Amino acid sequence: MSEQTICTDTIKLNIGPHHPATHGVFRLETELDGEVVVNSRPILGYLHRGIEKIAENLTYNQIIPYFDRLDYLSGFLNEYPFVSAVERLMGIEVPKKAQYLRVLMMELNRIAAHLVNIGAQGLDLASMTSMVYCMREREYLLELFVAVSGSRMTFNWMRVGGVKSDLPEGFLSRVDRFIHYLKDRMPEYASLMQDNEIFQARTKGIGILRPDHALELGCSGPLLRGSGVARDIRMDEPYEVYDELEFKVITHDECDSFARYMVRYDEISQSIRIIEQILSKIPDGDIMAKVPKVIKPPEGDIYSRVEAPIGELGVYLSSDGKNKPHRMKIRAPSFSNIRAVPDMIKGLQVPDVIATFASVAPTMGEADR
Amino acid sequence: MGKGIVEMGLKESRTLDPAISDGKGSVFLTSVDWLIAWGRKNSLWPLTFATACCAFEMIHAWMPRYDFDRLGSFFRPTPRQCDVMIVAGTITKKMAEPTRLLYDQIPHPKWVLAMGACACSGGPFIDSYSVVKGVDKVIPVDVYIPGCPPRPEALQFGMTQLQKKIMATKRNLGRNHV
Amino acid sequence: MIGYILENYIYFLVVTGVAIGMFLFVTVVALMFTLVERKLLGWMQQRLGPMEVGPWGLLQPIADAIKLLGKGDVMPKLADKFFYTYSPIISFAPAFIVFSLIPIASYTRVIDGQAVVSQVVSSGSSIGILLITAIMSVSVVGILIGGWSSGNKFSLLGAVRSAAQEISYEVPKTIAILCIVMMAGSMNLSIIGGVQRVWFIIPQFLGFIIFVIASLAEVFRIPFDLAEGESELVAGYNVEFAGIRFVFFFFAEYTYLFVTGALVTVLFLSGGHMPEFLGFLNFKIYGTYAVSSAFWFIAKSMLVAVGIIWFSRSMPRVRADQLMNGAWKVLLPLSLVNVIYTAVIVLNKPLHQLFVYTLAGK
Amino acid sequence: MSEIIELIKEKIVVEVEEMPKGEPGLKIRVDNDKLINTLKSLRGIGYNYMTMLTAKCTDDSFDAVYLLDDWTHKRRIWVYTEVNVDNPSIPSITPSWLAADYLEREVYDMFGIEFEGHPNLTRILTPEGFNQYPLRKEFKETD
């Protein structure tokens with residue numbers, strides 16, 4: 001027999017920009033050998049709306065609505081870093097009650113976003129029922145958001161110096177009821193997802209991201225905590241009233257898709273714990289600080305961040321003393337996290353690419369801005 | 001880039017052919033037309049096409065509380081098997097070409113719902129350098145649903161309007177898209 | 001030939017009538033399953049499922065069918081026209097042929113070691129189960145060339161996956177069937193249904209599990225729907241098929257769902273024979289038990305098919321290599337163990353007669 | 001705080017500037033040619049997390065802005081460097097610090113600042129064929 005080897009070609013497969021599992025419009029150009037990914041290249045920008053440029057031509061209060069549309073799953077959490085950047089630049093002290101309200105809504109919003117993300121992880125593994133159950137609970141949450149802000153997703157509720165409106169009557173008891181309801185539902189998700197053997201077989205050991213590599217790439221959020229790095233801005237650099245609240249930073253050391261799922265799942269319980277404390281702690285008082293009619297922060301650069309469901313969401317604000325920002329930059333966690341995807345999926349099969357991408361759970365509105 | 005998109009959209013003529021829709025037809029053919037239009041209106045399968053915020057309102061519309069499966073529509077991931085394209089979210093200039101491609105891949109009786117302010121007109125991003133100012137610059141739109149994002153109820157209203165439109169234009173049986 | 005037809009015109013009329021009736025039955029069953037699946041899925045997910053079209057959405061499948069038949073035709077630029085055109089038919093035709101082999105409304109009793117089969121709608125083939133196994137595996141050829149000829153990478157991947165999957169799961173499935181044939185001593189589906197003194201699901205429980213899992217893989221239901229893989233391969237092998245071509249694939253899928261239910265019924269649930277304790281429902285019309293056995297047969301098959309839908313819809317999907325491991329490393333050894341176990345039963349006469357009405361000559 | 005300033009001044013000759021009152025970070029300004037060394041030695045003394053990289057227009061030039069975090073000591077540092085507007089080009093940190101990969105591509109896309117030594121400096125967010133730099137102050141939409 002002569003020394004002849006069979007040469008097989010690789011094929012190029014475009015996953016996206018329209019694909020059921022790309023969480024929006026994202027394109028992953030993969031090079032496949034059979035079904036194994038040899039090489040991949042993320043292509044971004046299909047939802048690039050130029051928010052940073054738009055913001056340069058708007059006054060500070062006009063910019064807030066654009067933040068709701070960044071990571072549309074967690075509007076409250078997106079508004080916060082911007083208003084807090086302006087507040088810190090102007091030296092405004094936010095009243096205690098407003099701080100508590102902000103944290104309450106942010107944690108409720110975190111639950112809503114995590115519900116979507118864990119549900120989507122089930123959906124991408126073809127377990128549609130888990131997604132439906134998660135969205136069912138989210139519907140109750142959206143009702144709470146409507147009661148507070150008047151909108152289901154794009155809230156525009158936070159203001160420089162406080163919040164737009166107080167909680168409606170009976171809101172806290174509704175939150176209380178919801179939390180009890182959600183606690184009963186958590187085992188349901190567990191039985192559909194992490195206790196299911198196929199789910200475990202599909203996610204355990206898949207999409208490994210080593211902690212040192214994650215730090216090198218600037219990853220954050222559940223992606224980092226799923227790699228065993230205990231980094232949570234709420235704990236490391238407490239903003240608002242997080243230093244008065246007790247909670248645990250969830251980490252899992254397995255570095256795989258399953259660990260990232262479990263981080264999200266456990267963080268829902270931690271958020272519930274935080275909300276329970278807030279419910280008993282909300283003080284009386286104002287919801288707005290004294291803020292000038294026209295917001296003109298003094299000159300200077302500032303960076304303010306928040307622990308968003310995806311990771312560290314930051315706002316860099318450069319003011320030149322006028323009523324419009326000189327430059328505003330959004331540090332998007334999805335943007336940095338997507339950089340880790342090509343390294344994570346190398347050598348995996350196409351279905352694992354989907355499972356891994358679902359566990360990174362980027363929101364393209366935020367990655368592309 | 002932008003101009004090309006505008007021209008692409010204008011190629012599509014949306015006028016109804018008067019010869020077809022004169023309303024004079026035999027009793028039998030009219031009934032058949034009614035039946036086909038009835039089938040189409042009651043089985044609107046949307047494409048899983050979503051770009052931005054409206055996507056989640058769209059997903060919620062198919063979830064337990066609103067459950068558009070009642071109306072007989074469920075998502076198909078491939079454009080070949082779809083009837084209606086719900087453009088949920090901002091269409092950027094980079095996304096315009098794929099959007100047009102997806103629309104072209106849908107076989108003939110096809111309809112487009114522009115969901116949300118962005119898809120209708122560009123919405124809050126109308127001043128942006130990278131956003132198409134309304135998806136109708138790229139593909140023809142049948143029903144516009146305003147809102148930012150529209151609630152699922154609004155989407156349902158849009159769907160019923162589309163059903164009405166299908167019944168009203170039953171004589172041309174989807175030939176309005178050439 | 002024509003003379004022969006003219007002489008036997010009544011016979012031909014009956015055959016044609018039965019054929020058309022069967023076709024309608026297949027159509028109705030396939031359409032109905034789409035509705036059943038959506039309704040069931042809705043109830044599982046605290047939704048209602050189709051409601052607006054007709055009472056409780058009962059006309060939904062009809063609306064879907066009308067729409068799909070009236071859909072424009074598409075020929076992708078990169079498609080291989082010949083194969084693209086015929087692959088849906090290659091996929092669907094076996095499903096229909098298989099249907100004709102299924103002993104709906106046949107009633108069998110073993111009297112003095114002789115199987116007395118009274119059948120109304122059944123081909124009565126003496127190698128029925130072998131034929132079904134052979135013909136069912138032709139469908140995947142349709143899927144394979146359909147996926148390849150579409151000229152789409154997603155459909156190509158789906159098609160290749162489906163071929164690998166079908167070939168692997170054929171083996172444990174056939175061995176599970178072999179065990180049943182050993183127990184019953186016949187390949188005639190009517191007789192297999194009739195000789196079960198105890199439903200074979202009890203002595204052949206392992207075989208039942210293997211058969212159901214392998215069948216799930218063969219009909220591409222969710223834990224094994226890799227060929228379609230909605231979230232990864234968009235729609236898999238049928239990604240480029242529109243309108244009536246898609247309908248054929250769709251029909252084949254749902255027909256096979258019913259066929260799987262029917263096979264489970266025949267092989268493990270005693271076919272059209274009612275449970276013993278419900279003997280009073282076993283009514284005789286014109287000398288046969290046709291109506292009662294048809295009723296029981298269809299009821300059992302539906303129940304099994306609905307069970308499959310229910311089972312599959314709460315599961316995530318497995319990966320291709322896990323699927324292969326499952327077939328070759330788990331199911332195949334288990335089914336071989338099952339063959340030995342069955343042989344022990346069959347050779348032990350008293351034990352065998354506990355489960356089976358033995359046929360003469362055994 | 002002061003000992004860090006000493007440490008930094010000792011290792012790298014830079015000027016330390018004031019930040020606004022609300023900003024806890026330390027701000028240093030370096031020249032283009034010292035940028036890479038500065039960033040590397042900052043990484044060596046614990047600022048091992050690149051939080052942000054961006055640019056901003058000043059009156060007649062650009063500033064490239066790096067924000068580094070040191071999570072073990074809970075401190076952060078800003079590194080500013082001036083970019084010439086006529087020849088917007090600074091060295092790239094990507095070969096030794098992967099976190100900067102996409103961030104540098106974004107800055108290139110938005111401001112047209114070229115990062116020498118970047119392995120794949122292409123536009124990342126704007127559509128193909130787009131040849132303007134939208135975040136520059138003089139940018140006007142042309143269609």
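Visitor: Which residue is the bridge partner of A:Tyr303 in β7(A)?
Guide: Happy to start there, with the note that this is a predicted model, in which local features need pLDDT (the predictor's confidence in each residue, from 0 to 100) of at least 70, side-chain atom pairs count only at pLDDT 80 or more, and totals for chains, interfaces and linings use all residues. Residues are numbered from 1 along each chain as its sequence is written, while chains are lettered from A and ligands numbered from 1 in the order in which they are written. The bridge partner of A:Tyr303 in β7(A) is A:Tyr316.

Visitor: How many bridges join β6(A) to β7(A)?
Guide: Strands and helices here are DSSP runs numbered from the N terminus (helices H or I, at least four residues; strands E, at least two). Two strands pair if DSSP finds at least two bridges between them. β7(A) covers residues 312-319 and runs antiparallel to β6(A). The number of bridges joining them is eight.

Visitor: Which strands are the edges of the open sheet that holds β7(A)?
Guide: The sheet has three strands in the order β6-β7-β8 (chain A), paired antiparallel. An edge strand pairs on one side only, and here the edges are β6 (300-307) and β8 (327-331) of chain A.

Visitor: At about what angle to β6(A) does α3(A) run?
Guide: Angles run from 0 to 180 degrees between N-to-C directions, with axes as lines fitted to C-alpha atoms, for helices over the stretch in contact. Within the sheet, neighbouring strands are turned by 15 degrees against each other on average, direction ignored. Helix α3 (residues 75-90) of chain A lies across β6 and β7 of chain A, and its angle to β6(A) is about 145 degrees.

Visitor: What covers the buried residues of α2(A)?
Guide: A residue is buried if 20 or more other C-beta atoms, placed from the backbone, lie within 10 Å of its own, exposed if 12 or fewer, and partly exposed in between. In helix α2 (residues 60-68) of chain A, the buried residues include A:Tyr60, A:Ile63 and A:Phe67. Their cover includes α1 (51-55), α3 and β4 (158-159) of chain A.

Visitor: Which pair of chains has the most contacts?
Guide: Residues are in contact if their C-beta atoms, placed from the backbone, lie within 7 Å. Chains C and D do not touch, with their nearest C-alpha atoms 24 Å apart. Among the five pairs of chains that touch, the most contacts are between chains A and B.

Visitor: Which element gives the largest share of the side of chain B that touches chain A?
Guide: The contact takes 31 residues from chain B and 26 residues from chain A. On the chain B side, α3 (54-61) and α4 (93-105) each supply at least two residues. The largest share, five residues, comes from α3(B).

Visitor: What percentage of the residues in chain B are buried?
Guide: Chain B has six helices and three strands, which run α-α-α-β-α-β-α-β-α from the N terminus on. Of its 178 residues, the buried share is 56%.

Visitor: Why is β4(D) largely enclosed by the rest of the structure, and how many of its residues are buried?
Guide: Strand β4 (residues 62-70) of chain D runs antiparallel to β3 (residues 49-57), joined by eight bridges, and antiparallel to β5 (residues 75-83), joined by nine bridges. β4(D) is largely enclosed because the count of buried residues, out of nine, is seven.

Visitor: Which residue in the turn between β4(D) and β5(D) has a positive phi?
Guide: In these strands, D:Phe62 stands opposite D:Val83 in β5(D). β4(D) and β5(D) form a hairpin with four residues between them, and the one with a positive phi, about 55 degrees, is D:Lys74.

Visitor: In which helix of chain D is confidence lowest?
Guide: Chain D has a mean pLDDT of 80, with 88% of its residues at 70 or more. Confidence is highest in helix α3 (residues 100-111), at 87, and lowest, at a mean of 65, in helix α1 (residues 2-11) of chain D.

Visitor: How far apart are the C-alpha centres of the two domains of chain C?
Guide: An automatic or database domain assignment sets the bounds, dividing chain C into domain 1 (1-70) and domain 2 (73-355). In contact are 14 residues of domain 1 and 18 residues of domain 2. The C-alpha centres lie apart by 19 Å.

How values were computed: Two residues are in contact if their C-beta atoms, placed from the backbone, lie within 7 Å.
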